[in-house]
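Me: I am new to this structure and would like a close look at one part of it, with the terms explained along the way.

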Amino acid sequence: MEPEHEQQQSECKHEQQQQGVGVLGSLPSELDRNIIRQSGLFMQFNLFDTAVTPLKQATTPCRDIKKQVLYDLFTAYYDARKYKRNTNSALSFERNYESSLFELYENIINRTYQIKTSICFINYAPVQREIFAAHFCDRIVHHLVYNYISPIFERVFINDSYSCRKGKGTSSGINRINHFIKSCSDNYQKDCYILKLDIKGYFMAINRQLLFDKTKNILEKFRTRTFKQTDGSLLTWEQSFDFDTVYYLLEKIIFNNPVDNFLRKGSMNNWEGLPPSKSLFHSDIGCGLPIGNLTSQLFSNIYLNEFDRWVHYKQNCKFFGRYVDDFVIIHNDKEFLKCLIQKIRAFLKEELLLELHPKKIYLQHYSKGVQFLGTVIKPHRIYIANRTKGNFYEALEKQNIIARHHKPSKEEQNNFLSSMNSYLGIMKHYKTYNLRKRMINKKLSAWWWNYVYSTGGLSKFLLKSKPR
């Protein structure tokens, strides 16, 4: 699943750059706060009175938790719109965003919230994937839930779970695995072996009931625990947000099956070549999460958290790291790793109802290196994998076809940024400037330079404010 990681990390970075109200994130800017103050909602609910304060600034447990939901919903709205303002559902929502937010708030509080129709399509950047894009209104709810529960789970996850976490990501994972190999081999002086495994059709195989139970059980353990605020005072988690509301929304999100309410975008032919294990249309009953949603990325880490801790602590594998469904274990004893494969297969099947991919088992001496997250990690060096280079070249060709045939739409321009920057984002960390320069200057159609420009030494593309 390696070619997908660059795109997933790009999506997660977009989402995580806007952490909402709560312990984990930033508050709205003063401009945004002024906008809220001037709104009808502020006048109706006194949104900034002393009883309702952002969690970072809260100094007393005597807060109106229900009213806090409304304030936090505003922040989630500002988070969600940052990168989705040009979608049809976002534009429709923003026409009357005050009344829309108030309606959403009432639906949540009155327990009448219903998930809206998703848009289903196939994305080819960087590989063929099935996407169910949530309605903008539902994306706001995703951010609301994420802002509430993510700080708790950051206290639960092991350090070496890298996907879609602030301060982690692909580069962190690559560097940690490289560090593990150096440490286990005593700086390449002793023998050690690398075991790399993959879970078959992970997102489509996640059992929703099991996920909900795991999520709720962990939250319940933290409900009465305290955390320290920025002013040094202590607050319990149940004083910081409404747990019952969060449980209600979690149930709505997790048990929603997008295939029951969607609009298809594009031709049915786009699904040709997509393995059944990569599609929600072929998932078992009660299984599967849509790829790309902010909550799905968090849920994927929650679902495997028990596995991470089992490998790290129960199996004494201190050199272990995981990115989504790809994980690597380094050990001095090859026989230990051989036996561990069967233990892992049994644990995944019995405890998580998952299947170890039979064709993606790699066990080699460290001198052979290992492919991980689009790179090849070998002694004394890390370089971009040929497969990543090939995928980058194919992505360039697909974008060139668009620019040659017609003027790229705003959506196509944003897809260009997402595709190109996902590759450049990982390539820039290694000695690839000449490679990037050669491929972009020689392979990228000149038409695209009318709409984009590069920055940071060909490390990122940005849209021009006034295309030619």
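Reply: What follows looks at one helix, the core it feeds and the helix it crosses.

This is a predicted model, in which local features need pLDDT of at least 70 and side-chain atom pairs count only at pLDDT 80 or more, while totals for chains, interfaces and linings use all residues. Residues are numbered from 1 along each chain as its sequence is written, and side-chain values use heavy atoms, with hydrogens and water left out.

The largest nonpolar core holds 130 residues, and I140, F307, I330 and I344 touch the most other members. Such a core is a set of buried Ala, Val, Leu, Ile, Met, Phe, Trp, Tyr and Cys residues joined through side-chain atoms within 4.5 Å, where buried means under 20% relative accessible area with a 1.4 Å probe, protein chains only. Helix α7, residues 136–154, gives the most to this core, with 11 residues; helices here are DSSP runs of H or I, at least four residues long, numbered from the N terminus.

The axes of α7 and helix α12 (residues 243–255) come within 10 Å and cross at roughly 120 degrees, the axes being lines fitted to C-alpha atoms over the stretch in contact, with angles from 0 to 180 degrees between N-to-C directions. That angle makes α7 oblique to α12, a word for whatever is not under 35 degrees, over 145 or from 65 to 115. The contact, meaning heavy atoms within 4.5 Å, involves V141, H142, L144, V145, Y148, I149 and I152 of α7, which meet F243, V246, L249, L250 and I253 of α12.

How values were computed:
Buried means under 20% relative accessible area, exposed over 50%, partly exposed in between (1.4 Å probe, protein chains only). Helices (H or I, at least four residues) and strands (E, at least two) are DSSP runs, numbered from the N terminus.
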